[in-house]
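Trainee: I would like a close look at a single part of this model. Please start from one pair of side chains and work outwards from there.

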Amino acid sequence: MVYKFRVILDAEEDVFRDIAILEEDTLEDLHNAIVNAFGFDGLEVASFYTCDDTWNQEDEIPMFDTGDIPGENKIMSDYELSSILDTDNTKIIYVYDFINMWTFLIELAAVEEITAGAVYPETLFSHGEMPAEAMEKQFEAENDDFYSEFEDDLDEDDLDAFGSEDHFEDYGFEENWN
């Protein structure tokens with residue numbers, strides 16, 4: 001089967017590409033198709049992010065394994081498109097170049113039969129020109145009262161209960177601090 005995606009740049013102007021790709025291709029293949037469709041040089045790091053129906057970002061799927069133990073984390077090339085996306089789970093987020101944060105909203109628009117003679121992946125339709133710079137992202141905390149989480153209702157008088165430094169036992173670990 002062929003997956004047909006609409007890949008929309010998160011920008012003020014409408015910029016999108018429609019891409020057809022085989023369902024057994026990987027997220028890395030989709031990454032390469034997006035890079036080619038939007039005219040990037042492909043030299044920057046990118047990640048996909050699973051998301052819910054309202055585009056709330058969930059799990060990261062990176063290009064490279066950055067874990068402490070090689071092979072511990074799955075990467076783009078480990079996921080076939082059909083293992084992540086289907087007619088029930090149609091959305092995924094793609095971020096290219098973590099300095100500029102080119103962000104794309106990707107939605108599975110159709111699942112169709114393979115067209116004889118077609119070469120996949122294929123850019124089916126292109127709309128809009130890429131802006132010179134990525135749209136600036138506004139990062140906002142979900143909880144405006146962040147520091148209240150760490151309040152312990154203690155004041156200076158409460159700390160006097162611990163006494164002076166002589167109150168603490170010396171365990172003789174100074175050699176670890178030199």
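Trainee: Are F38 and F104 buried or exposed?

Mentor: Both F38 and F104 are buried (under 20% relative accessible area with a 1.4 Å probe, protein chains only; exposed is over 50%, partly exposed in between). The model is predicted, so local features need pLDDT of at least 70 and side-chain atom pairs pLDDT 80 or more, while totals for chains, interfaces and linings use all residues. Residues are numbered from 1 along each chain as its sequence is written, and side-chain values use heavy atoms, without hydrogens and water.

The protein chain has 178 residues, of which 31% count as buried. Its secondary structure comes to three helices and seven strands (DSSP runs numbered from the N terminus: H or I of at least four residues, E of at least two). Read from the N terminus, the order is β-β-α-β-β-α-β-β-β-α.

Now the rings. Eight aromatic pairs occur in the structure (ring centres of Phe, Tyr or the six-membered ring of Trp within 6.5 Å; planes under 30 degrees apart are stacked, over 60 edge-to-face, the rest tilted). F38 and F104 make one of these, a tilted pair with 4.7 Å from centre to centre and 55° between the planes. F38 belongs to helix α1 (residues 27-38) and F104 to strand β6, so this contact ties together parts that are 66 residues apart in sequence. A second tilted pair is formed by F48 and Y94, at 4.8 Å centre to centre with 45° between the planes. F48 lies in strand β3 and Y94 in strand β5, so here the parts tied together are 46 residues apart in sequence. Relative accessibility is 0% for F48, which therefore counts as buried. Y94 is buried too, with a relative accessible area of 0%. Ring pairs link these four residues with F40, Y96 and W102 into a cluster.

F38 has a further partner: the charged end of R17 sits over its ring, 4.7 Å from the centre (NZ of Lys or CZ of Arg within 6 Å of the ring centre and within 35 degrees of the ring normal). In another contact of this kind, the charged end of K74 sits over the ring of Y79, 4.9 Å from its centre.

The strand that carries Y94 deserves its own description. β5 covers residues 91-96, and six of its six residues are buried. K91, I93 and V95 are buried on one side of β5, and I92, Y94 and Y96 are buried on the other, so that both faces are covered.

β5 is paired with two strands in what follows (pairing needs at least two DSSP bridges). With β3 (residues 46-51), β5 runs antiparallel, joined by five bridges. F48 stands opposite Y94 in this pairing; the two rings that form the tilted pair thus sit on strands that are joined directly. With β6 (residues 102-112), β5 is again antiparallel, over six bridges. Here I93 has L105 in β6 as its bridge partner.

β5 and β6 also form a hairpin, with five residues between them. In the turn, D97 has a positive phi of about 70°. F98 is placed in the loop between the two strands. F98 counts as partly exposed because its relative accessibility is 34%, whereas the six residues of β5 are buried.
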